[in-house]
Each structure stands twice: as C-alpha cells, then as structure tokens.
Amino acid sequence: MNTSKTWVWVIIIIAALALVGWAAWYYGFFSPVATKEGVQQPVLDRDTTADISNDLNSVDVGNPDQDLKNLDADLNQL
Amino acid sequence: MNKKFKDILIMAVIGVVLAFPALAQTNAPLRQDVRTQAKTESEAIKAKKTELNAQLKATQEAAKKRIEAAREEAKKAVEARRTELKDKISKLRDEKKKQIATRLDEQLTRLNAQWTDHFSNVLNRLSEILGKIELRATKAETSGKDVTAVKAAIQNAKAAIETARTSVETQAKKTYVATFSSETGLGAAFKAVRDQLHKDLFGLRDGAMKSAREAVQNSLQALKSLNF
C-alpha cells in the first residue's frame with residue numbers, strides 16, 4: 001500500500017515538473033533575458049547637443065584680411 | 001497523517017518554487033514588444049544616418065565639381081585678357097616691376113581660389129553639423145518630442161547653405177586681371193583689382209557665409225530648446 005502511494009506521488013511530481021517546464025518554455029524562460037541595453041532608447045550617434053555646439057563653435061569662416069595685406073607690400077613697390 | 005501533510009507541503013513548496021520563474025515570465029511578450037520597438041527605432045535612426053551621410057557625400061562632390069567647372073569657365077573667359085596682360089608686363093622696362101606685376105597677377109588668382117576653397121570647406125562642415133542636428137532631431141522625434149520647429153529651422157539652414165554654395169560658385173567664376181595702358185598706371189590698376197577682390201571676399205564672408213552659419217546656429221538653438 002505504501003509503495004503504491006509513493007509511486008502516485010512520484011507520478012504527480014513528474015507531471016508537475018513537466019507542466020512547470022512546459023510553462024517556462026512557453027513563456028520564454030529559456031530564451032535570453034532582455035538585457036538592459038536592449039530596452040534602452042537607441043543610441044547610435046554619440047553626438048550630444050553639447051558636442052554639436054562645440055563643433056559649430058570651432059567652425060571658423062575666416063578672415064582674408066591678412067592675405068590681402070600681404071599683397072599690399074608688393075603693391076606699394078609698383 | 002502528519003507524514004502525508006508534510007509530503008503535500010513539500011510538494012506544494014517545490015511546485016511554487018518551480019512555477020514562480022515561469023509565472024514571472026508572463027510579462028515576456030510585453031518586454032519583447034519593447035525590444036521590438038527599440039529595434040525598430042534604432043533601425044530608423046540607422047537608416048536616417050546612412051541617408052544623411054549619402055546626401056552629404058553627394059552634395060560635397062557636386063559642390064566640388066561645380067566650383068571646378070566655374071574655375072575652368074573663368075579661366076577660359078579671361079584667357080585673352082591674361083595673355084594681353086602678360087604681354088604688357090613683358091614690355092615693362094623696369095625688371096623689378098615686371099617680377100612684382102607677374103607675382104601680383106598670380107597671387108590675386110591664387111587668393112580667390114584659396115578662399116573659395118576655404119568657404120566651400122566651411123559649408124561642407126556646416127552641412128555635416130546640420131546632419132548631426134537632423135539625426136539628433138530624428139532621435140528626439142522617436143522619443144516623442146515635437147520637433148516641428150527644429151525641422152523648419154533645418155530646412156532654412158539647408159536653403160541658406162545652398163544659397164552660400166551658389167555665391168561661392170559665383171565668386172569662383174570671377175576673374176581678377178589688372179588692365180593698364182601705361183607703366184605709370186600699373187600700381188593703380190593692380191590696386192583696383194586688389195580692392196575688388198577684398199570687397200568680393202568680404203561681401204561673401206559677411207553675407208551668404210555668415211547667414212549660413214547663423215541658420216545652422218538657429219537649428220541648433222531649436223534643438224537645444226527640446227532639452228533632449
């Protein structure tokens with residue numbers, strides 16, 4: 001009597017484990033868990049607004065004055 | 001009875017322990033949605049970046065060809081006058097003045113080419129920066145920000161850069177050849193050409209070039225106001 005009871009419990013446990021395993025598989029328990037990066041906002045370009053501002057500040061339209069003044073040395077000799 | 005109760009309790013505990021992680025995954029489809037959304041947004045930005053880089057490359061190459069064509073056109077147009085000038089210089093009696101006049105003629109042409117190249121490079125840089133602003137605006141838009149003002153400012157900046165490119169091209173077409181009839185008028189002739197080059201280069205710098213830079217600055221300001 002005791003032996004058959006044990007077998008019933010063994011079957012119930014196996015069935016329970018199988019059910020739990022199936023549920024885990026079904027809900028993606030075995031698939032890789034979403035990483036922190038995976039749910040972040042996409043960041044492909046690392047330029048921040050401050051970086052862009054620095055880039056723009058470094059743009060020098062220039063001053064042709066010095067180059068033109070260099071001509072004056074020759075011009076004065078004519 | 002106690003033993004049976006104990007066995008059931010153990011089984012229940014095992015069942016809960018094993019079932020809990022699986023139950024915790026019931027939000028897995030939601031997480032997958034978030035991942036899918038993030039991936040879609042990421043791909044949209046990547047596509048935008050590729051599109052912008054391709055646009056920049058095409059624009060810069062086209063601008064380079066336009067300037068080269070303008071210079072070639074100017075060179076042909078002024079060929080007769082330059083030959084005439086060289087002929088007149090060769091007839092000057094003062095050897096030193098001959099050298100100076102030849103040098104000045106070369107320098108005037110070289111300076112115009114040098115500064116139109118510089119302005120073209122500045123416009124290329126401004127286009128690159130504007131591309132960065134546009135990409136960041138796209139990112140802000142995917143995050144739910146209202147980027148209408150930024151987009152309008154970007155369009156204005158693009159138009160201003162294009163206007164400046166046309167002005168640079170026009171400047172590249174200009175020629176600076178002194179015209180004189182006698183040796184006494186040599187200095188005045190070169191000074192007039194030098195002054196014209198000065199006026200044209202500063203006009204371009206303080207006009208179309210400055211406007212293009214300001215338009216990009218306005219786009220950046222609009223982007224900054226998003227606090228993104």
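1. In this predicted model, helix α2 of chain A (residues 49–57) and helix α4 of chain B (residues 95–142) have axes that cross at roughly 165°. Angles over 145 degrees count as roughly antiparallel, so α2(A) and α4(B) are roughly antiparallel to each other. Their axes come within 10 Å, and α2(A) passes α4(B) in a left-handed crossing.

2. On the chain A side, this contact is made by A:T49, A:I52, A:D55 and A:L56. The α4(B) side supplies B:I129, B:K132, B:I133 and B:R136. By class, four of the residues in the contact are nonpolar, three are charged and one is polar.

3. The largest nonpolar core has 47 residues. Those touching the most other members are B:L123, B:L126, B:I133, B:A157, B:A164, B:A212 and B:V216. Two or more residues each come from α3 (65–75) of chain A and from α2 (28–77), α4, α5 (148–173) and α6 (186–224) of chain B. The most is given by α6(B), with 15 residues. B:I133 thus appears both in this core and in the contact between α2(A) and α4(B).

4. For B:A157, leaving aside neighbours within four places in sequence, the contacts are B:L130, B:A215, B:V216, B:N218 and B:S219. Of these, B:V216 is listed with B:A157 among the core residues that touch the most other members.

5. A:K5 is in helix α1 of chain A, residues 2–26. A:K5 counts as exposed because 11 C-beta neighbours lie inside 10 Å, and the cut-off for exposed is 12 or fewer. The C-alpha atoms of A:K5 and A:S58 are 84 Å apart, with the two residues separated by 53 residues along the chain.

Notes
Residues numbered from 1 in each chain as written. Chains lettered and ligands numbered in written order. Predicted model: local features only at pLDDT ≥ 70, side-chain atom pairs only at ≥ 80, totals over all residues. Axes fitted to C-alpha atoms, helices over the stretch in contact; angles between N-to-C directions. Helix = DSSP H or I, 4+ residues; strand = E, 2+ residues; numbered from the N terminus. Parallel < 35°, antiparallel > 145°, perpendicular 65-115°, else oblique. Left-handed = near helix turned anticlockwise from the far one by under 90°. Contact = placed C-beta atoms within 7 Å. Nonpolar A, V, L, I, M, F, W, Y, C, P; charged D, E, K, R; others polar. Core = buried A, V, L, I, M, F, W, Y, C linked by C-beta atoms within 7 Å. Buried ≥ 20, exposed ≤ 12 C-beta atoms within 10 Å, placed from the backbone.
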